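The questions below ask how descriptive terms are earned, by setting each value against its definition.

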Amino acid sequence: MEPYEMMDDKDASQISQPQSTQVAHTHPRKPVIIGLYGLPESGNTFWLEELKAVIRNDGFAFYDGSEAKTDYCEQATARIKRECCKTGKTAIVAGHFVFWLEKDEECESVCSPEDLVTYTHILYLDPPADLIAEYRLNDAKRSRPNVSTSEACCQDVSSMVDMHLDILRILHLVRETRHVRAVVGTCGIQSVWENALGREGSSETVKVIGGGRVADGLLITPCVKAELITYLQTTRHLHVIAVGNSPLDLAMLQVADQAVVVTGEESTRSKSMEKQLAEVIGKKGFQPCQVLRR
């Protein structure tokens with residue numbers, strides 16, 4: 001249309017009537033629902049009561065999952081959600097993700113799809129297994145079956161450890177000397193070796209350096225083993241003999257003053273160890289001795 005062109009009635013009607021706007025319908029805000037999860041006797045109910053005592057605020061509602069289960073999990077979660085939508089409160093719910101009795105082959109999941117849709121946050125308590133076992137044993141309110149802990153499992157595993165007879169003879173000789181000491185460095189679980197050595201009467205004279213538990217605060221790697229050998233040589237000025245049988249031992253074997261490789265029957269020995277050992281023999285003067293385990 002030109003600047004001074006006259007408008008007809010149809011054009012004028014289009015200008016005088018503004019376009020209608022659509023107003024979006026707002027949905028109610030999703031309530032904040034925090035799940036406080038953990039294994040039975042991990043302390044989720046205890047911390048729920050602690051939070052209830054500390055948070056003196058009408059904006060929070062507290063639910064014990066063991067009480068809510070009487071309604072059945074999904075119905076209970078839906079009820080909590082309805083109540084929080086109505087009141088606008090933040091919910092903290094103590095509950096469980098799974099139950100797994102030792103006699104059962106599979107766990108029983110008690111976390112429903114409704115839970116995962118409803119919860120905005122899930123805090124999972126992870127206390128040490130020994131502490132959970134102690135709580136279960138001392139629970140005066142409920143009768144709970146005993147559970148095995150990591151230490152009990154380590155004892156079972158260590159009972160299956162068959163130590164090399166020549167190694168045992170060396171360890172027994174160490175007990176009778178003052179100028180020789182033995183140290184076991186393991187990338188596995190420390191308590192397995194401690195139990196195995198205790199069975200052979202060498203736990204007092206052989207130091208075990210290992211990890212396997214968060215409480216240990218220690219992670220043993222092949223590099224750490226090698227650094228330990230180097231420390232004993234350079235700082236303590238000691239002659240170090242290293243004994244190993246796996247690729248995890250190669251780093252320490254290469255830096256030791258004398259390396260001893262323990263091998264088993266051809267049908268059972270480590271194929272990966274054979275290959276990696278062959279690659280490093282002769283390099284930088286590395287010439288290990290070999291002990292055949294029969």
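What follows is a set of questions and answers on sheets, aromatic pairs and cores.

Q: What kind of model is this, and how are its residues numbered?
A: This is a predicted model, in which local features need pLDDT of at least 70 and side-chain atom pairs count only at pLDDT 80 or more, while totals for chains, interfaces and linings use all residues. Residues are numbered from 1 along each chain as its sequence is written, and side-chain values use heavy atoms, with hydrogens and water left out.

Q: How many helices and strands does the protein chain have?
A: The protein chain has twelve helices and eleven strands, where helices (H or I, at least four residues) and strands (E, at least two) are DSSP runs numbered from the N terminus.

Q: What makes strand 2 and strand 6 edge strands of the sheet with order 2-3-1-6?
A: Two strands pair if DSSP finds at least two bridges between them, and in this open sheet of four strands the pairing is parallel. Strand 2 (60-64) and strand 6 (121-124) each have a single partner strand, so one side of each is left without a neighbour in the sheet. The twist averages 20° from one strand to the next.

Q: How do you know that strand 2 pairs with strand 3?
A: Five bridges join strand 2 to strand 3 (residues 90-94), and the definition asks for at least two, so the two strands count as a pair. Within this parallel pairing, Phe62 has Ile92 of strand 3 as its bridge partner.

Q: Which strands does helix 2 lie across?
A: Helix 2 (residues 44-54) lies across strand 1 (33-37), strand 2 and strand 3, and runs at about 155° to strand 2; axes are lines fitted to C-alpha atoms, for helices over the stretch in contact, and angles run from 0 to 180 degrees between N-to-C directions.

Q: Why is the pair of Tyr37 and Tyr119 called edge-to-face?
A: Rings of Phe, Tyr and Trp (its six-membered ring) pair if their centres lie within 6.5 Å, with planes under 30 degrees apart counted as stacked, over 60 as edge-to-face and the rest as tilted. The centres of Tyr37 and Tyr119 are 5.8 Å apart and their planes stand at 90°, so the pair is edge-to-face. Tyr37 lies in strand 1 and Tyr119 in the loop between helix 5 (113-118) and strand 6, so the pair ties together parts that are 82 residues apart in sequence.

Q: Why does Phe46 count as partly exposed?
A: Buried means under 20% relative accessible area, exposed over 50%, and partly exposed in between (1.4 Å probe, protein chains only). Phe46 has a relative accessible area of 48%, so it counts as partly exposed, and Trp47, at 44%, is likewise partly exposed. Tyr37 and Tyr119, in contrast, are both buried.

Q: Which residues touch the most other members of the largest nonpolar core?
A: A nonpolar core is a set of buried Ala, Val, Leu, Ile, Met, Phe, Trp, Tyr and Cys residues joined through side-chain atoms within 4.5 Å, and of the 13 residues in the largest one, Leu250, Leu253, Leu277 and Phe286 touch the most other members. Helix 11 (250-255), strand 10 (258-263) and helix 12 (271-280) each give two or more residues to this core.

Q: How many bridges pair strand 9 with strand 10?
A: Strand 9 and strand 10 pair in the parallel sense over four bridges, and Ile241 stands opposite Gln258 in strand 10.

Definitions and conventions:
Contact = heavy atoms within 4.5 Å.
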